[in-house]
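The following exercises are to be worked with the sequence and the coordinates at hand. Each task is followed by a solution in steps.

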Amino acid sequence: MKMAGRRWAASLVALMVPGLAPLAAEPLSPLRPAEAAMFTGVGVVNGKGPLGDAACSGTLIAPDLVLTAAHCVANGDGPRWFMPGGLGPRARAAVQARKITVHPEYNERTDLARFAVDLALMQLGAPLPAQVATPLPVLERAGADATQFAVIGFVLKGPLAPVGRFDCDLQSGSVATQMTLGCPVYAGNSGAPALVRTPSGWRVAAVLVAQLGRGPGSTALTAPLNGWLRDQLARRR
C-alpha cells in the first residue's frame, strides 16, 4: 500500500514505524446481520456506484452528507458515490455526490501532519431515506475520555459487506486529538468511522486514515473531528 494516497483507490496507507511493538490483535471480522442493521449509515465510497468495488468507506452523518477521508476523494479524477450498508438491496441505493469539500489544509501539507486533517465531506445528490440508511451523529466535545472504540468499514475489492471490531483500545491520543487504536485495519477501511458508545447511542469520534505497521500487530491512525468539521456542520443548521 502506498503512502499518502495520491491515488484515491489506494485507500489506506501503511506507515512503517520502527520499534512498534506487535499487538495481540485479531483482524476485523464480518458483522453479524443484527450488527450490520445497526450501522446502515456506514457504507462504501467508490467511483462507480453499484457497479464498483469498495474503494474506501464513509459514514452518513446526515441524510445527504457523508464523512470520509480526504485522500479518498481529493484528487477530482471522476465522480464519487456512496452506497449505504453495502448489503443486498441497499447497494441499489447508491447516490452520487454533487459536491465534495476537503479540509482546506489537507492539500497544503506534504508531511505526516496531513493525516491529522485527512477529512472530507460528500454532499449527496439526494438524501437517503431513513428506511435505507440511518445517519450516525458525530460526537460532541463531551466524552473525550473514551478509551475503547468500534471500527466498522469495508475492504478494498472485497465483498460488499461490513467488517468491524467493537473492542479497539486507545493506544495514544484522545478523541480531541489525533489518536491511534489497537485494531488492525486494511485497504478500503480509509474513511471509516471510529465510533464511541455514549448514553445516547453510537457516535462518530474520528475517521480512519492510515495504518501504522503491518499485519496483525498493526494499529489504526485516525483524524480527529476538528473545528473545521464542526464549523461545516454548524453552517447547515
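**Exercise 1. A salt bridge and its exposure**

Is Glu 105 buried, partly exposed or exposed, and what is its relative accessible area?

Solution. The model under study is a predicted one.
Step 1. The relative accessible area of Glu 105 is 32%.
Step 2. Buried requires a value under 20% and exposed a value over 50%, so Glu 105 is classed as partly exposed.
Step 3. The side chain of Glu 105 meets that of Arg 109 in a salt bridge, with an N to O distance of 2.6 Å.
Step 4. For Arg 109 the relative accessibility is 29%, and this residue likewise counts as partly exposed.

**Exercise 2. Overall description of the chain**

Determine how many helices and strands the protein chain has, and characterise its burial, its contacts and its surface.

Solution.
Step 1. The secondary structure consists of three helices and 14 strands.
Step 2. The chain has 237 residues, of which 55% count as buried.
Step 3. Among contacts with a separation of 6 or more, 70% come from residues 24 or more positions apart.
Step 4. The exposed area is about 10400 Å², and 55% of it is supplied by carbon and sulfur atoms.

**Exercise 3. Further salt bridges**

State how many salt bridges the structure holds, and examine the pairs Glu 35 with Arg 32 and Arg 236 with Asp 64.

Solution.
Step 1. The structure contains four salt bridges.
Step 2. One of them joins the side chains of Glu 35 and Arg 32, at 3.0 Å from N to O.
Step 3. Glu 35 has a relative accessible area of 17% and is therefore buried, whereas Arg 32, at 58%, is exposed.
Step 4. Another salt bridge joins Arg 236 and Asp 64, at 2.7 Å from N to O. This pair links distant parts of the chain, 172 residues apart: Arg 236 belongs to helix H3 (residues 227–236), and Asp 64 to the loop between strand S4 (56–62) and strand S5 (65–68).
Step 5. Arg 236 has a relative accessible area of 38% and is partly exposed.

**Exercise 4. The pairing of strand S9**

With which strand does S9 pair over five bridges, and with which over two?

Solution.
Step 1. Strand S9 spans residues 148–153 and is mostly covered, with five of its six residues buried.
Step 2. The five bridges are formed with strand S10 (residues 163–172), in the antiparallel sense. Within this pairing, Gln 148 has Asp 169 of S10 as its bridge partner.
Step 3. The two bridges are formed with strand S12 (residues 193–198), and here too the sense is antiparallel. Val 151 stands opposite Ala 194 of S12.

**Exercise 5. An aromatic cluster**

Which residues form one aromatic cluster with Phe 39? Describe the geometry of the pairs that Phe 39 forms with them.

Solution.
Step 1. The whole structure contains three aromatic pairs.
Step 2. One of them is Phe 39 with Phe 166, a tilted pair with 6.0 Å between centres and 45° between planes. The partners are 127 residues apart: Phe 39 lies in the loop between helix H1 (33–38) and strand S3 (42–46), and Phe 166 in strand S10.
Step 3. Phe 39 has 3% relative accessibility and is buried, while Phe 166, with a relative accessible area of 29%, is partly exposed.
Step 4. Phe 39 also pairs with Trp 202 in an edge-to-face arrangement, 5.8 Å centre to centre and 65° between the planes. Because Phe 39 is in the loop between H1 and S3 and Trp 202 is in strand S13 (residues 201–212), the pair ties together parts 163 residues apart in sequence.
Step 5. Trp 202 is buried, at a relative accessible area of 14%.
Step 6. The cluster thus comprises Phe 39, Phe 166 and Trp 202.

**Exercise 6. A charge over a ring, and a long-range approach**

Over the face of which residue does Arg 114 lie, and with which residues is Ser 29 in contact beyond its neighbours within four places in sequence?

Solution.
Step 1. Arg 114 lies over the face of Tyr 106, at 4.2 Å from the ring centre.
Step 2. Ser 29 is located in strand S2 (residues 29–30) and is partly exposed, with a relative accessible area of 37%.
Step 3. With neighbours within four places set aside, Ser 29 is in contact with Pro 162, Val 163 and Gly 164.
Step 4. The C-alpha atoms of Ser 29 and Gly 164 are separated by 5.4 Å, although the residues are 135 apart along the chain.

Technical notes:
Residues are numbered from 1 along each chain as its sequence is written. This is a predicted model: local features need pLDDT of at least 70, side-chain atom pairs count only at pLDDT 80 or more; totals for chains, interfaces and linings use all residues. Side-chain values use heavy atoms; hydrogens and water are left out. Helices (H or I, at least four residues) and strands (E, at least two) are DSSP runs, numbered from the N terminus. Buried means under 20% relative accessible area, exposed over 50%, partly exposed in between (1.4 Å probe, protein chains only). Contact means heavy atoms within 4.5 Å. Accessible areas come from the Shrake-Rupley method with a 1.4 Å probe; for residues, only the protein chains shown count as cover. Two strands pair if DSSP finds at least two bridges between them. Rings of Phe, Tyr and Trp (its six-membered ring) pair if their centres lie within 6.5 Å; planes under 30 degrees apart count as stacked, over 60 as edge-to-face and the rest as tilted. A charge sits over a ring if NZ of Lys or CZ of Arg is within 6 Å of the ring centre and within 35 degrees of the ring normal.
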